[in-house]
Amino acid sequence: MNDIYLYVITALLPLSACLTVLQVNPYHALVIRGILGAIAALVYAMFGAADVGLTEALVGTMLAITLYGVAVRSSMVMRLGIVEKEDANQEKFNQLVDHLRTILNQYHLRLELVCYQDKNELNQALENRDIHGTCQESIDNDYSYHTVTRIQRLYEIIKPQLSSSLITYINPSDIKEKQL
């Protein structure tokens with residue numbers, strides 16, 4: 001009866017592992033992964049393997065969480081290229097950017113705006129895969145903006161919630177063929 005706490009703490013291992021797998025938000029999964037590592041280190045220490053517990057705490061928890069955090073932070077962003085200029089239609093552009101941020105936030109993605117001097121530099125950045133998409137004034141000159149993306153999944157996320165006339169998917173291989 002004195003060892004009941006051992007059973008309770010040990011039961012937390014599969015529980016926290018299941019919670020980690022079921023998380024939708026990657027940041028929540030990282031926190032729960034840290035809890036899982038801490039529980040594992042505690043279990044190892046309680047059963048007399050303090051050296052394994054210390055290794056789990058340092059490598060399995062702290063280092064892994066740090067590396068996973070960096071990877072998640074850098075991969076969960078949409079880099080959108082824009083032409084840097086002052087225009088009278090800034091309010092409409094800001095509305096589009098806010099709408100894009102709202103759409104991307106549902107998938108735990110961030111929107112990062114990258115400014116370029118002119119349209120040629122912007123299109124070159126898309127071709128070189130420096131950015132995931134572009135946002136430029138519409139060719140029709142109707143004071144609206146058009147977004148082009150080279151990432152199929154981003155297109156699939158944005159298209160249902162944005163007017164289809166405002167977003168286009170361009171296959172990266174098509175960009176290279178146009179250059180030839």
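In the predicted model, Ser 16 has a relative accessibility of 5% and therefore counts as buried, since the limit for that class is under 20%. The residue is found in helix 1, which spans residues 4-22. When neighbours within four places in sequence are left aside, Ser 16 is in contact with Ile 32, Leu 36 and Ile 39. The UniProt record, an unreviewed entry, lists residues 6-23, 30-47 and 53-72 under "transmembrane region". Over residues 6-23 the chain of the model is 94% helix and 0% strand, with the end C-alpha atoms 26 Å apart. Over residues 30-47 the helix content is likewise 94% and the strand content 0%, and the end C-alpha atoms are again separated by 26 Å.

Beyond the segments named in the record, attention turns to the nonpolar cores. The largest nonpolar core comprises 22 residues, and Met 78, Leu 100, Leu 104, Leu 111, Cys 135 and Ile 158 are those with the most contacts inside it. At least two residues of this core are supplied by each of strand 1 (77-83), helix 4 (90-105) and helix 6 (152-158), and helix 4, with six residues, gives the most. Ile 158 touches Met 78, Leu 100, Ile 103, Leu 104 and Ile 167, residues up to four places away in sequence not being counted. Apart from the largest core lies another one, of eight residues, which includes Leu 122, Ala 125, Ile 131 and Val 148.

The pairing of the strands can be followed from strand 1 through to strand 5. Strand 1 and strand 3 pair in the parallel sense over three bridges, and Ile 82 stands opposite Cys 135 in strand 3. Strand 3, residues 133-137, is mostly covered, four of its five residues being buried. Strand 3 is in turn joined by five bridges to strand 4, residues 145-149, and these two strands run antiparallel. Within this antiparallel pair, Thr 134 stands opposite Val 148 of strand 4, while Cys 135 stands opposite Thr 147 of strand 4. Cys 135, which is among the residues with the most contacts inside the largest core, thus appears opposite Ile 82 as well as opposite Thr 147. Val 148, by contrast, is one of the residues of the eight-residue core. Strand 4 is also mostly covered, with four of its five residues buried. Strand 4 and strand 5 pair in the parallel sense over three bridges, and the bridge partner of Thr 149 in strand 5 is Tyr 169. In a regular strand the side chains alternate between the two faces of the sheet.

Tyr 169 also takes part in an aromatic contact. A pair of aromatic rings is described by the distance of the centres and the angle of the planes. The count of aromatic pairs comes to two. In one of them, the rings of Tyr 155 and Tyr 169 have their centres 5.9 Å apart and their planes at 40 degrees, so the pair is classed as tilted. Because Tyr 155 lies in helix 6 and Tyr 169 in strand 5 (residues 167-169), the pair ties together parts that are 14 residues apart in sequence. Tyr 155 is buried, with a relative accessible area of 17%, whereas Tyr 169 is partly exposed, with a relative accessible area of 26%.

Side chains of opposite charge can pair when their charged atoms come close. The structure holds two salt bridges. Arg 79 forms a salt bridge with Glu 112, and the closest N and O atoms of this pair are 2.6 Å apart. Distant parts of the chain are linked by this pair, as Arg 79 lies in strand 1 and Glu 112 in strand 2 (residues 110-116), 33 residues apart. Arg 79 counts as partly exposed at 26% relative accessibility, and Glu 112 counts as partly exposed at 29%. Glu 156 forms a salt bridge with Arg 153, the closest N and O atoms being 3.7 Å apart. Because Glu 156 and Arg 153 are three residues apart in helix 6, about one helical turn separates them. Glu 156, at 39% relative accessibility, counts as partly exposed, and Arg 153, at 47%, counts as partly exposed as well.

Definitions and conventions: Residues are numbered from 1 along each chain as its sequence is written. This is a predicted model: local features need pLDDT of at least 70, side-chain atom pairs count only at pLDDT 80 or more; totals for chains, interfaces and linings use all residues. Side-chain values use heavy atoms; hydrogens and water are left out. UniProt positions are given in the numbering used here, feature names are shortened, and annotations may be inferred rather than shown by experiment. A nonpolar core is a set of buried Ala, Val, Leu, Ile, Met, Phe, Trp, Tyr and Cys residues joined through side-chain atoms within 4.5 Å. Buried means under 20% relative accessible area, exposed over 50%, partly exposed in between (1.4 Å probe, protein chains only). Contact means heavy atoms within 4.5 Å. Rings of Phe, Tyr and Trp (its six-membered ring) pair if their centres lie within 6.5 Å; planes under 30 degrees apart count as stacked, over 60 as edge-to-face and the rest as tilted. A salt bridge is a side-chain nitrogen of Lys or Arg within 4 Å of a carboxyl oxygen of Asp or Glu. Two strands pair if DSSP finds at least two bridges between them.
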